[in-house]
Amino acid sequence: MTKLFIADLHLSEARPDLTNVFIHFLATKATQADELYILGDLFEFWIGDDEQSPLQQQITLALKTLSEQGCRLFYSHGNRDFMIGKRFARECGMTLLPPIYSCEIAGERTLLLHGDQLCTDDEAYQRFRRITSWPWLQWVFLHLPLSRRVKIAQQIRQGSHKGKQQKSRSIMDVTPSSVNDCFAQHQATLMIHGHTHRPMIHELSLDNGQKVRRIVLGDWNTDLWYLQIDDRDINLISQPIATTE
């Protein structure tokens, strides 16, 4: 069985090249897989399942087509598109996953997550994350007119960009103690996540001496990144986006 994992595409109308590359990926590489896991931030921002923008319709159709061809699709919410809902998932043929999903992969207890919940040194972001997860606040936002939601999303995105410029690179990476605690809590030996845009396979030793692996998926900016796991091997693969158009 072949499983593919991707994250942090940040699709938007401003990057039609990324959209084209992703649709090509779904129509080629993904058709050879049994399962595709999207671990958050597929979109740069999400203002509601009811938006139905041309971009949203393109991606819905491409994912639905892949699902109908027999590839099972799974989605873990990111910090940019945490309000993706059941309607969009249903239209795409995707299963929505909990924030931390524990499962068996390649014979190992594995954790799948976006990864932002591991960046606990960034206290300002964690406060923002807690507030935006309040159900009543999401309900209010989703019942605003679409035009108002677009403006709010643009303001949040601009504020996030400025905030990143002012933060050190270390504070935006995962906190080692949080990684250790997450492994220990779920008794896992493999973790797969995105968010930090620092693709790598980390071989780690927990506080109790247990050996584990943490695989970080890359973002799709200048390169597309995906993790492929099959019965034989685990490979973190990249390809320059310019060569895939």
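**Exercise 1. Work out the strand order of the open sheet and find its edges.**

Start with the order: six strands run S4-S3-S2-S1-S10-S11 in an open sheet with mixed pairing. Strands here are DSSP runs of E, at least two residues, and helices are runs of H or I, at least four residues, numbered from the N terminus; two strands pair if DSSP finds at least two bridges between them. Next, the edges: S4 (94-96) and S11 (234-240) each pair on one side only. Then the twist, which averages 25° from one strand to the next, with axes fitted to C-alpha atoms (for helices, over the stretch in contact) and angles running from 0 to 180 degrees between N-to-C directions.

A word on the source: this is a predicted model, with local features needing pLDDT of at least 70, side-chain atom pairs counting only at 80 or more, and totals for chains, interfaces and linings using all residues. Numbering starts from 1 along each chain as its sequence is written, and side-chain values use heavy atoms, leaving out hydrogens and water.

**Exercise 2. Zoom in on S1 and S2, then place helix H2.**

First, S1 (residues 3-6) and S2 (residues 35-38) pair in the parallel sense over four bridges. Leucine 4 has leucine 36 of S2 as its bridge partner. Now add H2 (residues 54-68): this helix packs on the sheet and touches S2, S3 (72-75) and S4, contact meaning heavy atoms within 4.5 Å. Its direction makes about 135° with that of S3.

**Exercise 3. Tally the whole chain.**

Count seven helices and eleven strands. For burial, 47% of the 245 residues count as buried (under 20% relative accessible area, 1.4 Å probe, protein chains only).

Conventions:
Buried means under 20% relative accessible area, exposed over 50%, partly exposed in between (1.4 Å probe, protein chains only).
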